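Please examine the sequence and the model displayed below. The paragraphs that follow explain selected features step by step.

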Amino acid sequence: MEGKAKEDAGKGGVIDTWLRKHRLIYIGATRHPFILAIRDGTVNYSSFKKWLGQDYIFVREFVAFAASVLIKAWKESDDSEGDTEVILGGMAGLHDEIAWFKKEASKWGVELSETVPQKANQVYCRFLESLMSPEVDYTVAITVFWAIEAVYQESFAHCLEPDTNTPPELQEVCQRWGNDGFGQYCHSLKKIANRLLEKASDDLIVGKAGDDVLKKAEVELIRVLEHEVEFWNMSRGTA
């Protein structure tokens, strides 16, 4: 296993190998019918408004998770690696994101104060809470952090490709997560995660506790993708 992990790191990283291995669930999360409906212009706007309200609730929980990842980075990474700066940049973006949700909710007539988290949202938020513990390894936490951000980047960037029929009124939401700047941010998170996963594989080679970290990170990556699918399903009213 350790030789395979090391080889994978040299071919684009452990994460890319995992995404190939779990390709079906990854496609399910990033090419979900909800996203495809936005892309081809057939989205049900009541579903979009449901997503808007539910995602606002999720993002507020995600802020706390991001803060916990930042603390892990501060404790476990070297200043020269730039982890804290990357994560801080993402947290600054979350401030703007919350303001954007409030603005969009007002525009679409969504009463955020009256929005109740649905089951899929509650389960996803509890999942995030379980990863905020100091006992959760930084490698696992940053892998999850990347995955959550990357699903939105991949999904909404798909709606900005040429020859799509994304409605003009939804172009802004797609640009928020599908723009090149957010893509570069996700790439930076992925580099951090791959570096730490490679270190875990190196630790395994020399007899340290790397195997558990690698297994846990892969399991939690899959769980993120499953939660994302359920979140989209919830928005469409199929969960």
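**A helix and its aromatic surroundings**

In this predicted model, helix α4 spans residues 33–40, and its buried residues are F34, I35, A37 and I38. These residues lie on the same side of α4, because the arc they cover around the axis is only 160°. The general geometry of such a helix helps here: an α-helix has 3.6 residues a turn, so residues three or four places apart point the same way.

What lies over the buried residues of α4? The elements that cover them include α3 (23–30), α5, α8, α9 and α11 (211–236). After α4 comes G41, which has a positive phi, near 80°.

One of the buried residues of α4, F34, also belongs to an aromatic cluster together with Y45, F48, W51, Y56, W100, F101, W108, Y152, F156, W177 and W232. Pairing of aromatic rings can be counted as well: with centres within 6.5 Å as the criterion, there are 26 aromatic pairs. One pair is formed by W51 and F101, whose ring centres are 5.9 Å apart with 50° between the planes, a tilted arrangement. This pair connects distant parts of the chain, since W51 is in helix α5 (residues 45–76) and F101 is in helix α6 (residues 83–108), 50 residues apart. W51 counts as buried because its relative accessibility is 0%, and F101 counts as buried because its relative accessibility is also 0%.

A further pair is edge-to-face: the ring centres of Y152 and W177 are 5.2 Å apart, and their planes stand at 90°. This pair too links distant parts of the chain, with Y152 in helix α8 (residues 138–158) and W177 in helix α9 (residues 171–178), 25 residues apart. Both Y152 and W177 are buried.

How values were computed:
Residues are numbered from 1 along each chain as its sequence is written. This is a predicted model: local features need pLDDT of at least 70, side-chain atom pairs count only at pLDDT 80 or more; totals for chains, interfaces and linings use all residues. Side-chain values use heavy atoms; hydrogens and water are left out. Rings of Phe, Tyr and Trp (its six-membered ring) pair if their centres lie within 6.5 Å; planes under 30 degrees apart count as stacked, over 60 as edge-to-face and the rest as tilted. Helices (H or I, at least four residues) and strands (E, at least two) are DSSP runs, numbered from the N terminus. Buried means under 20% relative accessible area, exposed over 50%, partly exposed in between (1.4 Å probe, protein chains only). The arc is that of the directions from the helix axis to the C-beta atoms. Contact means heavy atoms within 4.5 Å.
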